[in-house]
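This report describes a single protein chain for a reader who is new to structures. Please look at the sequence and the model before reading on.

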Amino acid sequence: MQVCRSIAKLFSTPQCMLKSAPVAGLKSFEPPTKFNDIEYPERNRLRVVLRVPQYPAQIRPFKMQKRLRYLRGPELLHNTLLHKQYGIIATGGGRMKFKNFEMIRMMILRHVDYEKVFAIWRVSDPWQPISKKSPGTRMGRGKGSIDHYVTPVKAGQVIIEVGGQIEYFEVKKLLENISKRLPFDALAVNQEILDKLAENKKKLQEENLNPYTWKYIIQNNMLGCHKWISKYDRRWYNEYV
């Protein structure tokens with residue numbers, strides 16, 4: 001017992017070279033991601049979009065119908081990420097107003113360091129005129145005056161794209177907050193999520209054991225469905241509204 005006390009007293013002296021100290025367990029972290037092959041656009045900031053499209057002096061601003069076909073169906077052109085990093089993609093059709101563009105631009109400006117990160121628009125400026133009559137006026141006497149302009153968006157359209165020296169977990173919360181404030185259903189994605197969604201869709205089609213799919217039912221006019229389904233269901237087999 002006396003020997004143990006002597007050893008403990010020896011370790012407690014300031015001259016002792018062997019001292020016990022609490023040591024945390026060793027942890028192995030993955031090496032940081034390298035951003036060597038990133039192509040930056042000429043303009044790395046989101047530009048301010050025009051509230052009203054600019055026409056030449058001799059052209060009068062035109063009016064148009066609702067044209068809901070601009071909102072229905074899948075987007076066939078701007079449905080992939082050009083820089084293969086992060087972005088927001090629409091999962092349903094809708095219209096974007098000027099205030100939606102400004103909301104996105106201001107949220108990106110406040111939470112992103114443009115010295116390392118870039119953001120680009122993947123949708124056009126508001127161009128479709130929406131007319132409206134003043135309250136209290138009678139019906140008739142032609143179409144109302146133009147109230148504002150919108151940009152129609154289809155399902156699968158990429159709204160914005162973000163990239164640079166930043167990882168997905170750093171910008172994920174910001175993109176999710178933006179997607180919740182849009183007037184249509186949207187999803188924050190990166191290239192891995194898009195690849196996984198496409199792979200799952202292809203896997204469901206290949207491994208499906210039920211022969212009575214929407215495509216089979218509509219093509220064979222089962223239960224006389226051609227009498228009550230819309231022409232859009234015949235085109236996209238009830239996948240898009």
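The text below goes from the overall layout to the nonpolar cores, then to one serine and to the aromatic rings.

**Overall layout**

The model is predicted. Its protein chain contains 6 helices and 7 strands. Read from the N terminus, the order of elements is α-β-β-α-β-β-β-β-α-β-α-α-α. Of the 241 residues in the chain, 33% count as buried. Taking contacts between residues at least 6 apart in sequence, 79% join residues at least 24 apart.

**Strands β1 and β7**

Strands β1 and β7 run antiparallel and are joined by 5 bridges. One of the bridge partners can be named: I88 is matched with A188 in β7. Strand β7 covers residues 186-190, and 4 of its 5 residues are buried, so the strand is largely enclosed by the rest of the structure.

**Nonpolar cores**

In soluble globular proteins, nonpolar side chains tend to be buried together. The largest nonpolar core in this model has 32 residues. Within this core, the residues with the most contacts are M96, I104, I108, I159 and I160. The elements giving two or more residues to the core are β1, α2 (98-111), β3, β6 (158-164), α3 (168-181) and β7. Helix α2 gives the most, with 6 residues.

What does M96 touch, leaving aside its neighbours within four places in sequence? The contacts of M96 are F101, I104, V123, Y149, V150, T151, V153, I159, L182 and F184. Apart from the largest core lies another core, of 5 residues, and L81, I89, V189 and L194 are among them.

**Serine 179**

S179 lies in helix α3. Is S179 buried or exposed? Its relative accessibility is 9%, and because buried means under 20%, S179 counts as buried. Leaving aside neighbours within four places in sequence, S179 is in contact with I88, F184, A186, L187 and A188. Two of these residues, I88 and A188, are the bridge partners mentioned above. A polar atom of the S179 side chain lies 2.7 Å from the backbone oxygen of E176. S179 and I159 are 20 residues apart along the chain, and their C-alpha atoms are separated by 9.5 Å.

**Aromatic rings**

The structure holds 8 aromatic pairs. Two of them are set out in the table.

| Pair | Centre to centre | Angle between planes | Arrangement |
|---|---|---|---|
| Y40 and F118 | 5.5 Å | 70 degrees | edge-to-face |
| Y212 and Y216 | 5.7 Å | 80 degrees | edge-to-face |

The pair of Y40 and F118 links distant parts of the chain, since the two residues are 78 residues apart. Y40 sits in the loop between α1 (2-12) and β1 (86-90), whereas F118 belongs to strand β3 (residues 117-121). Y40 has 40% relative accessibility and so counts as partly exposed, while F118, at 0%, counts as buried. In the other pair of the table, Y216 has 38% relative accessibility and therefore counts as partly exposed.

Which residues form one aromatic cluster with W236? They are Y232 and Y240. W236 also has a charged residue over its ring: R235 lies over the face of W236, at 5.1 Å from the ring centre.

Terms used. Residues are numbered from 1 along each chain as its sequence is written. Side-chain values use heavy atoms; hydrogens and water are left out. Rings of Phe, Tyr and Trp (its six-membered ring) pair if their centres lie within 6.5 Å; planes under 30 degrees apart count as stacked, over 60 as edge-to-face and the rest as tilted. Helices (H or I, at least four residues) and strands (E, at least two) are DSSP runs, numbered from the N terminus. Buried means under 20% relative accessible area, exposed over 50%, partly exposed in between (1.4 Å probe, protein chains only). A charge sits over a ring if NZ of Lys or CZ of Arg is within 6 Å of the ring centre and within 35 degrees of the ring normal. Two strands pair if DSSP finds at least two bridges between them. A nonpolar core is a set of buried Ala, Val, Leu, Ile, Met, Phe, Trp, Tyr and Cys residues joined through side-chain atoms within 4.5 Å. Contact means heavy atoms within 4.5 Å. A polar contact is a pair of N or O atoms within 3.5 Å; within protein, one must be able to donate a hydrogen and the other to accept it, and residues adjacent in sequence count only if both atoms are side-chain atoms.
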